[in-house]
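The exercises below ask for helix packing, the contact between chains, charged pairs and backbone angles to be worked out step by step. Please look over the sequence and the structure before reading the solutions.

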Amino acid sequence: MPAAKEKAAVSVSRWYSFLVERRDLTLLLTIVIACAVISRLTPHFLTFVNLQTLGLAVAFNAIVVIGMSILMIAGGIDIAVGATYGLAAIVVGLLISNGFPIVPGILVGLGIGIVVGCGNALLINRFGLSPFLATLGMQSVCRGILWLVSGGHSVVGLPPQFVVLGQTKIASIQLPVYIMLVLVIAADVCLRRTSFLRQFYYIGVSPQSAESCGIPVRRVTSIAYILVGFLAALAGILDGARVGAIYVMSGTGIEFQVITAAVIGGTSMAGGRGTIFGAFLGVILMAILTNVLSLAGVNMYWQSVFIGAILVGVVAMDSLMGSRETR
Amino acid sequence: MSSAVHTSPPSPGGSRSPRGGASRWVGRMLSTQTGVLFGIIILLAVALSIASPYFLTGANLLAIGVAMAGSALAAIGSSLVLLTGGIDLSIGTSYGLSGIVVSHALLAGIPVLPSMALALLSGMLIGALNGVIITRLRVNPFITTLGTMTIGRGLINILTRGYSISGLPDSFMKLLYLKIAGLPPSVAIMILFTVVADLALRWWKPARQLYYIGGSSTYARLIGINVNRATTAAYVVSGFTAAAGGLLFTMRTGAGSQQAGLGLEMLAIIAPFLGGVGFGGQGTILAAFLGATLLGLIFNAIQLLGIPVLFQNVITGAFLVSAALIGVVRVRRAFLMQRMERR
């Protein structure tokens, strides 16, 4: 009997470690099952229009999550992504609705993302602030500038040549979805294959050992912060083009959703673990959840309660699992 | 945040210089961040009273006191949390929720005092939840309180359906005109809590444990401090002071506002930072109070001098970053000096 028990225990722990290690496969399975169940429950889920909505809902967060998961793998975090997203969008909107040429306008917007990233990198890597604090401050500064330049008004009346960027459809799917897919695949492959991006894993596990292995830790993590800023700005601008107007509140709360998605996707808060594919699946799962809550007519405010609870729950589960692994 | 800086037995004052007489006193004052902060406040007050004839009027000073009461109260609890090396972002939510809870309880026919107790309890519950998740489930304090902040804000919106709650019973509305020792209740309570908390942190042993935890939670555990319990207690107090601030706000306005407390957590974190609280387990409540006073003066100046209110957000963020920078520089210097002393 004890032998059988032991065998069962071994197989359970094997399953357990499989679930922990292959988070992306587990997630994929979860998503498929969730879709199957939901489409049984409501006929509105698996309609083309709803899937289109879902794709767009995924697109902007997924662009941001690429940068965020690379950064979190390196042990950093950026709370300012939502504010960067909004600030870049509003500046581009103000510029081009006042007759500034479109391409330079977009470049200015992307430049803002890079500048914010540089600012974060400077505060964290040069002055030694904690990433949380530095980016929290940066968030406040960016939101403040956003309110200042916009005067609290949303930007409407964007020229059609700009709106095209977000609304063109290829095979009846909007352009941002394609952009997102290309970026996600490219980033995932690069993170797996290029030695430059693999450095982030070493840094996340232990910055000291990475440093003594000859990795310029500060320079490399600075690049991650700049990348996050750039991608957040890109997503914000595309979102503005898709909507055809830029709201003052654009990007509020994105940081929650993106961090939660990355953690669901297996990225560790402590750094050193995670993939972009996993984080991407995390974004999809979150989008499905929000979508279902909306389809079920659940109050928007309850959604924020759910998202908050999921964020804490997943991180708690992760840290409990982590402590079990090390034991 | 809690880098490997071991400030040997935590002294709330700061370094002492061996000089004599008045110059020694001034030197000691300026060698502490509290002293520098106090100096800045005096200078700013002088400048403001020259710049605006309305600054040094009793009405304006009371208005500053009332306006800063919420953040000063919240800063007390926030300081305790910062001392342990944590952070509490759910302060604004506790502040807002307490106003909603007291309004709902009153409308449900519950008498005034039990309703107020319920409001305070709601804040303590959020704090207890934070504490348990952080200490038992070992979740990063930032993520935990970010989560409870979102959850709480959602609950506030659900409870209010996006509107403010008005039409509170007369028994509560009477309190609008309440005066404690001739002061508005928020100012009186702010002063009382600040004094009590400051004294407790200087002389009461259980409170002083927080310094040791902030210095190094491992060593604190080794010398027999129940780190989990003390840390949880800090979060509970933080929820309590925030809820007290929210309750006083509701007593002043006579309505449960759904917007109350938005962004308050930033002020409640910046104020202690300005006073140098929280970097490796150091700082006093007095310093945090002075930090809140400085912020109150600056916001008052913004109004008196007619600076666009939209600037407030930028100023808040810039303050957070610069206060944190000052703190880091100070910790580094202390660290270097400690190393030099050892040689």
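## Exercise 1: helices H3 and H13 of chain B

In this predicted model, the axes of helix H3 (residues 58-83) of chain B and helix H13 (residues 285-304) of chain B come within 8 Å and cross at roughly 140°. Work out how H3(B) and H13(B) are oriented to each other, and which residues make their contact.

Solution. The first step is to place the angle: roughly antiparallel begins over 145 degrees, and the crossing of roughly 140° does not reach that range, so H3(B) and H13(B) are oblique to each other. The second step is the hand of the crossing, which is right-handed where H3(B) passes H13(B). The third step is the list of partners: H3(B) contributes residues including Asn60(B), Ile64(B), Met68(B) and Leu80(B), which meet a set in H13(B) that includes Ile285(B), Phe289(B), Gly296(B) and Leu304(B). Sorted by class, this contact of H3(B) with H13(B) has 12 nonpolar and 5 polar residues, and no charged ones.

## Exercise 2: helix H12 of chain B and its partners

Determine how H12(B) is oriented to H3(B) and to H4(B).

Solution. Begin with H3(B) and H12(B), whose axes are 8 Å apart and which pack at an angle of about 65°; the range from 65 to 115 degrees counts as roughly perpendicular, and H3(B) and H12(B) are therefore roughly perpendicular to each other. Their crossing is right-handed. Among the residues that make this contact are Gly70(B), Ser71(B) and Leu82(B) of H3(B), together with Leu267(B), Pro272(B) and Phe273(B) of H12(B). The residues of the contact divide into 10 nonpolar and 4 polar, with no charged ones.

Next take helix H4 (residues 91-107) of chain B, which packs against helix H12 (residues 264-274) of chain B at an angle of about 125°, with the axes 6 Å apart. That angle makes H4(B) oblique to H12(B), and the crossing of H4(B) and H12(B) is right-handed. On the H4(B) side, the contact is made by Ile91(B), Gly92(B) and Tyr95(B), and on the H12(B) side by Leu264(B), Glu265(B) and Ala268(B). By class, these are 4 nonpolar, 1 polar and 1 charged residues.

## Exercise 3: the contact between chains

How many residues of chain A and of chain B are in contact, and how much area is buried between the chains?

Solution. The contact involves 35 residues of chain A and 35 residues of chain B. The buried area between chain A and chain B is about 3100 Å², and carbon and sulfur atoms give 83% of it. Of the area that chain A buries against chain B, Leu133(A), Tyr301(A) and Val312(A) supply 18%, more than any other three residues. Between chain A and chain B, the count of salt bridges is 0.

## Exercise 4: a charged pair

Locate the partner of Arg192(A) in a salt bridge, and state how the two residues are placed along their helix.

Solution. Over all chains the structure holds 3 salt bridges, and in one of them the side chains of Arg192(A) and Asp188(A) meet at 2.9 Å, N to O. Arg192(A) and Asp188(A) are separated by about one helical turn, because they lie 4 residues apart in helix H8 (residues 175-193) of chain A.

## Exercise 5: positive phi

State where Arg138(B) and Ala181(B) are found.

Solution. Most residues other than glycine have a negative phi. Arg138(B), with a positive phi of about 60°, is found in the loop between helix H5 (112-135) and helix H6 (141-160) of chain B. Ala181(B), whose phi is near 50° and positive, is found in the loop between helix H7 (170-173) and helix H8 (185-203) of chain B.

Notes: Residues numbered from 1 in each chain as written. Chains lettered and ligands numbered in written order. Predicted model: local features only at pLDDT ≥ 70, side-chain atom pairs only at ≥ 80, totals over all residues. Heavy atoms only, no water. Axes fitted to C-alpha atoms, helices over the stretch in contact; angles between N-to-C directions. Parallel < 35°, antiparallel > 145°, perpendicular 65-115°, else oblique. Left-handed = near helix turned anticlockwise from the far one by under 90°. Contact = heavy atoms within 4.5 Å. Nonpolar A, V, L, I, M, F, W, Y, C, P; charged D, E, K, R; others polar. Buried area = accessible area lost by both parts, 1.4 Å probe. Salt bridge = Lys/Arg side-chain N within 4 Å of Asp/Glu carboxyl O.
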